[in-house]
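The report below goes through pairings and side-chain contacts, and it is best read with the structure open alongside.

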Amino acid sequence: MSAGYPGFADATSRQRDRVDFDHSNDPELEHLVGTQFEHLSALTPTGDGWVATVCSGNYTVMAEKNGRFFNLTGPSPQAETVRMVAPEQTHSVPSEQFVAEGAERAPSADVFAGWTISEHVPAARDQNAYAECDSRMPDARDVRPQKANLPHDTPYPTLAPYPGWPRYDEN
């Protein structure tokens, strides 16, 4: 939990003890390198927030083990759904303009602003989301790694964040 963005532990506190992909929420730390591609595919309003369909392309993420690097996945991106609940508004907050991108890898301030994650489903219920996700990845399927756990002597490059996070002293 300490490796998440500022505010992540509070935003996911109701999810803290869940299990994803047969791994507990407190796995042994492994050193990951490379670039994970994310694409917001759909946002659907709910009575108290939103449900997002998110595409996760982990095909250029590798785990380092004993000086070798191993693909985490094959060519297929994952389609996931995340249910977010809006904070209760007790007073109106004036609208402010913030810089929405920058060169930083992670935010330095809490970007959750009272929002909470009430559900994360690592497999989208809408099967059409998988084809949509596959088409949204920056690399064609035939040039992506084809199998998981293939050993390499050097890792895939870690690309600069895009759009990245702003430095909060700029806002």
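## Side-chain contacts in a predicted model

Trp 165 counts as partly exposed, because its relative accessibility is 24%. The model is a predicted one, and its side-chain contacts are taken up here beginning with the aromatic rings.

Three aromatic pairs are present in the structure. One of them joins Tyr 5 and Trp 165, whose ring centres lie 5.4 Å apart and whose planes stand at 85°, so the pair is edge-to-face. This pair links distant parts of the chain, since Tyr 5 belongs to the segment before H1 and Trp 165 to the segment after strand S6 (151-152), 160 residues apart. Tyr 5 is itself partly exposed, with a relative accessible area of 34%, and together with Phe 8 and Val 111 this tyrosine makes a nonpolar surface patch of about 210 Å². Phe 8 is found in helix H1 (residues 8-11) and, at 30% relative accessibility, also counts as partly exposed.

The structure holds six salt bridges, and the table gives three of them.

| Basic residue | Acidic residue | N to O distance |
|---|---|---|
| Arg 68 | Asp 153 | 3.0 Å |
| Arg 125 | Glu 119 | 3.1 Å |
| Arg 144 | Asp 134 | 2.7 Å |

The salt bridge between Arg 144 and Asp 134 has its arginine in the loop between helix H2 (128-136) and S6 and its aspartate in helix H2, so the pair ties together parts that are 10 residues apart in sequence. Arg 144 is buried, with a relative accessible area of 4%, and is linked with Asp 134 and Arg 141 in a network of salt bridges. The charged end of Arg 144 also sits over the ring of Tyr 59, 5.1 Å from its centre.

The salt bridge between Arg 68 and Asp 153 links distant parts of the chain, with Arg 68 in strand S3 (residues 68-71) and Asp 153 in the segment after S6, 85 residues apart. Arg 68 is partly exposed at 33% relative accessibility, whereas Asp 153 is exposed, with a relative accessible area of 59%. In the salt bridge of Arg 125 and Glu 119, the arginine is exposed at 59% and the glutamate is partly exposed at 29%.

Turning to the strands, S1 (residues 31-45) and S2 (residues 49-65) run antiparallel and are joined by 13 bridges, forming a hairpin with three residues between them. Within this pairing, Leu 40 stands opposite Val 54 in S2. The charged end of Lys 65 sits over the ring of Phe 70, 5.7 Å from its centre.

How values were computed. Residues numbered from 1 in each chain as written. Predicted model: local features only at pLDDT ≥ 70, side-chain atom pairs only at ≥ 80, totals over all residues. Heavy atoms only, no water. Pairing = 2+ DSSP bridges. Helix = DSSP H or I, 4+ residues; strand = E, 2+ residues; numbered from the N terminus. Patch = residues over 30% accessible without salt bridge, like charges linked within 9 Å, V, L, I, M, F, W, Y side chains within 5 Å. Areas by Shrake-Rupley, 256 points an atom, 1.4 Å probe, with all protein chains shown as cover. Salt bridge = Lys/Arg side-chain N within 4 Å of Asp/Glu carboxyl O. Buried < 20%, exposed > 50% of the residue type's maximum accessible area, 1.4 Å probe, protein only. Phe/Tyr/Trp six-rings, centres within 6.5 Å; stacked < 30°, edge-to-face > 60°. Lys NZ or Arg CZ within 6 Å of the ring centre and 35° of its normal.
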